[in-house]
Amino acid sequence: MRMKKLLCFFLCLIINLETVHGQSYCVMSDADNTVIEEKDMHKVQSVASISKVMTAILALEKGDLNATWKTGKELKQAYGSMIYLKEGQQVSLRSLLYGLMLRSGNDAALEIALHIGKTQKKFVQMMNEKAKEIGMLDTHFANPSGLDEEDGGNLSSAYDMALLMSYAMKNPAFREISGTKYYTSEWNYRWRNKNKLLFEYPFAIAGKTGFTKKAGRTLISAAKHENVENVIVTLGMGDDFTFHEQKHTKAFDEIKVIPILAKGKYVIDHKQICIPEDIAVTITQKEQAKLMVSSHFEDKEFIIEIRNGNNQQVYNFPYKKVRDKKGGLFS
């Protein structure tokens, strides 16, 4: 009997190990979307509620955080994870976004979609258009929540969802909302973030959990240490919080992020260039790649080329001529 119990224990252990290490994931540097480590990162599957990252970023880009309105009868369509909105309730976009990201409210997702897109169908169309804009080539959204029982759910890959999170983290309001541990709505509901990493891992700064029977556990997280910031996505993984913590820590040990140019306005050779975002490049210590940076003007654009081993990145910025000013970076 004791031997049978031991055998059963080891079989369960093997199954659990396969669950943790046998599914797809992507570890990405937020600086330039360099993939640091991955497994089956282009494998397409239902991604459950981490797709709410797209719902949130669309709401932030298209809506007004201070907007308020009364909910409608469409709320009856929502099910699963909820923040328990009621028909006719006065809500704000701000509180709905906190309920969406901290508690994964499917009713919040539906109400946001109806507010921003007027119809759920139109909002889903906006989600797919945004996915193409970001470069999510293996993604198709079917709803704003991630539920997959009725329509097959939102299909994506670990790589695509990492691209989305990296994009979303450039938005200050998204960073604040998704990294908040506790929030109290104007109707006096106090929510605790479901993302345990924010409470247990000192470098965690944002993230979103997800689960359905079809998708299994899904998790997207961002962490920062010194000037290195990573995004990790796991799909269908069992002990995902531990996995994320380990991979974030490993990435901090193995990569460096080299700043190239800070965002701002520069005057070079009587030409003014506006750099909208910081430019940086990720270098792994193992590769010890030779970094080469060059710049030139061409066809009314300022072009920066970054070569890191076999990888090449090209940035194009329009310029306008100015008078009585000269010099600057790269001059």
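Start by selecting Ser 29, and you'll find it standing opposite Asn 230 in β11. Keep in mind as you click around that this is a predicted model.

**The sheet around your starting point**

Now widen the selection to the two strands on either side of that match. Strand β1 covers residues 24-29 and strand β11 covers residues 228-235; they pair in the antiparallel sense over six bridges. If you're wondering what holds such neighbours side by side, strands of a sheet pair through backbone hydrogen bonds, either parallel or antiparallel.

Next, bring in the rest of the sheet. What order do the strands of this open sheet follow? Reading across, you get β2-β1-β11-β10-β9, five strands with antiparallel pairing. Colour β2 (35-39) and β9 to pick out the edges: each has a single partner strand, so one side of each is left without a neighbour in the sheet. Tilt the view and follow the twist, which averages 5° from one strand to the next.

With the sheet still on screen, add residues 158-168. That's helix α6, and it packs on the sheet, touching β1, β2, β9, β10 (216-225) and β11. Compare directions while you're here: the helix makes about 35° with β1.

**Along the edge: Ala 204**

Stay with strand β9 and select Ala 204, which is found there. Is Ala 204 buried or exposed? It counts as buried, because its relative accessibility is 15%, and the cut-off for buried is under 20%. Show its surroundings: leaving aside neighbours within four places in sequence, Ala 204 is in contact with Leu 197, Leu 198, Ala 222 and Ala 223. For a distance to try in your viewer, draw a line from Ala 204 to His 244, C-alpha to C-alpha. The two are 40 residues apart in sequence and 9.6 Å apart in space.

**Rings to look at**

Time to show the aromatic side chains. The count comes to ten aromatic pairs. One of them is Tyr 183 with Trp 191, a stacked pair with 6.2 Å centre to centre and 25° between the planes. It counts as stacked because the planes are under 30 degrees apart. Both partners are tucked away: Tyr 183 is buried, with a relative accessible area of 16%, and Trp 191 is buried too, at 6%.

Then select Phe 203 and Phe 252. These two meet edge-to-face, 5.7 Å centre to centre with 80° between the planes. The pair links distant parts of the chain, 49 residues apart. Phe 203 is in the loop between α8 (197-200) and β9 (204-212), while Phe 252 is in helix α9 (residues 240-254). Try a surface view on this pair: Phe 203 counts as partly exposed at 28% relative accessibility, whereas Phe 252 counts as buried at 10%.

Go back to Tyr 183 and Trp 191 and add Tyr 98 and Trp 187. Ring pairs link these four residues into a cluster.

Two other rings have a charge for company. Select Arg 192 and Phe 199: the charged end of Arg 192 sits over the ring of Phe 199, 3.8 Å from its centre. Then jump to Lys 271 and Tyr 319, where the charged end of the lysine sits over the tyrosine ring, 5.7 Å from its centre.

**Cysteines**

How many disulfides are there? The count comes to zero. Have a look at two cysteines anyway. Cys 26 counts as buried at 0% relative accessibility, and Cys 274 is partly exposed, with a relative accessible area of 43%.

**Two loops with a positive phi**

Select Tyr 84, in the loop between β4 (68-70) and β5 (90-92). Its phi is near 65°, a positive value in a residue other than glycine. Tyr 84 counts as exposed, at 57% relative accessibility.

Now move to Lys 300, in the loop between β16 (291-298) and β17 (301-308). Phi of Lys 300 is also near 65°, again positive in a residue other than glycine. Lys 300 counts as exposed as well, at 66% relative accessibility.

**Zoom out**

Finish with the whole protein chain in cartoon view: it has nine helices and 18 strands. Of its 331 residues, 49% count as buried. And of the contacts between residues at least 6 apart in sequence, 60% join residues at least 24 apart.

Terms used: Residues numbered from 1 in each chain as written. Predicted model: local features only at pLDDT ≥ 70, side-chain atom pairs only at ≥ 80, totals over all residues. Heavy atoms only, no water. Phe/Tyr/Trp six-rings, centres within 6.5 Å; stacked < 30°, edge-to-face > 60°. Buried < 20%, exposed > 50% of the residue type's maximum accessible area, 1.4 Å probe, protein only. Helix = DSSP H or I, 4+ residues; strand = E, 2+ residues; numbered from the N terminus. Lys NZ or Arg CZ within 6 Å of the ring centre and 35° of its normal. Pairing = 2+ DSSP bridges. Axes fitted to C-alpha atoms, helices over the stretch in contact; angles between N-to-C directions. Contact = heavy atoms within 4.5 Å. Disulfide = S-S within 2.5 Å.
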